[in-house]
Amino acid sequence: MPRQTFTDSVGCTYPLQQAPLGGLGAGPARAVAEAGGLGMVAATGMSPERLEETLEAFGDTAVGVNFLVPFLDPDLIEVAARARLVEFFWGEPNAGLVERVHSAGALAGWQVGSEAEAVAAAEAGCDVVIAQGIEAGGHVRGSLGLLPLLARVLETATVPVVAAGGIGTARSVAGALAAGADAVRVGTRFVAATESGAHPLYQQALVDAKPEDAILTERFLGAWPPGSKHRVLRSALEAARIFEADVVGERRGVSVTRFSSAPPHAETTGVIEAMALYAGQSVGAVRAVLPAADIVRELMRGTLGGSGAGPLSERVHE
């Protein structure tokens with residue numbers, strides 16, 4: 001039997017998943033969903049009530065929920081399963097979590113950084129696997145570039161595979177799909193969307209940056225496990241290194257400490273340039289701050305979408 005397509009699986013038109021923008025709100029997600037992609041909500045730090053309210057705003061559009069395993073609140077899983085896809089990141093694939101998602105009526109996904117993790121995700125029963133190359137912004141799981149990783153994952157894949165890392169142009173979308181990916185996952189471009197909660201100085205830094213300005217580090221660790229690699233703008237790392245105080249800013253009355261993992265939201269005050277300015281190597285494609293729908297149209301130029309209906313998607317809320 002052929003693999004179910006990504007668009008059929010999650011019920012969207014275009015083979016495009018917006019990466020969850022942890023700490024920056026769900027602003028672009030609804031616009032991405034309305035434009036035909038899969039919008040993603042980062043559940044970390046949300047209450048059940050807030051997550052439920054956020055998902056209700058999406059109506060019938062395609063939306064997914066992301067959980068970071070080190071910070072997972074299991075009580076949120078059933079609420080998250082009101083979305084079409086519930087995915088996990090930064091942890092070994094767990095069959096118990098996948099079964100819990102399925103029992104609540106949603107599809108389960110896992111973002112992986114290696115072939116071994118992809119195999120484990122399939123064995124755990126995941127419906128979607130996201131293969132993340134080291135070009136990605138934010139936290140980076142593996143050590144391979146996207147294309148070598150994608151080639152290995154596709155050798156054994158029996159479910160839709162989403163390519164993530166360094167994708168920010170229509171040409172890179174076409175390249176990933178031509179390499180065999182069922183869909184692409186894009187984050188950095190949507191940080192620079194008008195609906196994003198990112199601070200304007202953060203967005204301008206993305207506009208000004210070149211691909212080589214996005215570097216891997218372990219410095220903006222915060223509460224993440226030791227050794228958690230992440231890709232940020234070089235300028236942010238340099239500004240944080242020379243900053244002499246322990247606190248670089250504040251958001252809603254809470255201090256932002258130097259080398260905190262929290263990216264600067266629009267409400268954040270302080271030395272924005274010394275905070276965690278996450279960016280992937282696709283940052284060179286950020287030429288301006290644009291509406292999320294315009295970014296979707298630009299990325300999907302010339303790409304055919306799916307129908308959004310199929311056997312796998314019928315599992316959702318059956």
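In what order do the eight strands of the open sheet lie? The legends below address this sheet and the nonpolar cores of a predicted model.

**View 1. The open sheet of eight strands.** The strand order is 1-9-8-6-5-4-3-2, and the pairing is parallel. Strand 1 (16-18) and strand 2 (39-42) form the edges, each pairing on one side only. From one strand to the next, the twist averages 25 degrees.

**View 2. Pairing of strand 2 with strand 3 (residues 63-68).** Four bridges join these two strands in the parallel sense. Gly 39 has Val 63, in strand 3, as its bridge partner.

**View 3. Helices 6 and 7 packed on the sheet.** Helix 6 (residues 115-123) touches strand 5 (107-112) and strand 6 (128-132), and its direction makes about 165 degrees with that of strand 5. Helix 7 touches strand 5, strand 6 and strand 8 (161-164). The direction of helix 7 makes about 170 degrees with that of strand 8.

**View 4. The largest nonpolar core, with 88 residues.** Leu 51, Phe 67, Phe 88, Phe 190 and Leu 206 have the most contacts inside this core. Helix 7 (residues 146-156) gives the most to the core, contributing five residues. A second, separate core holds 13 residues, among them Cys 12, Ala 62, Leu 107 and Val 128.

**View 5. The surroundings of Phe 67.** Leaving aside residues up to four places away in sequence, Phe 67 touches Ala 43, Leu 72, Asp 73, Leu 76, Ile 77, Ala 80, Val 86, Glu 87, Phe 88 and Phe 89. Of these contacts, Phe 88 is itself listed with Phe 67 among the residues with the most contacts inside the largest nonpolar core.

Methods: Residues numbered from 1 in each chain as written. Predicted model: local features only at pLDDT ≥ 70, side-chain atom pairs only at ≥ 80, totals over all residues. Heavy atoms only, no water. Core = buried A, V, L, I, M, F, W, Y, C linked by side-chain atoms within 4.5 Å. Buried < 20%, exposed > 50% of the residue type's maximum accessible area, 1.4 Å probe, protein only. Contact = heavy atoms within 4.5 Å. Pairing = 2+ DSSP bridges. Axes fitted to C-alpha atoms, helices over the stretch in contact; angles between N-to-C directions.
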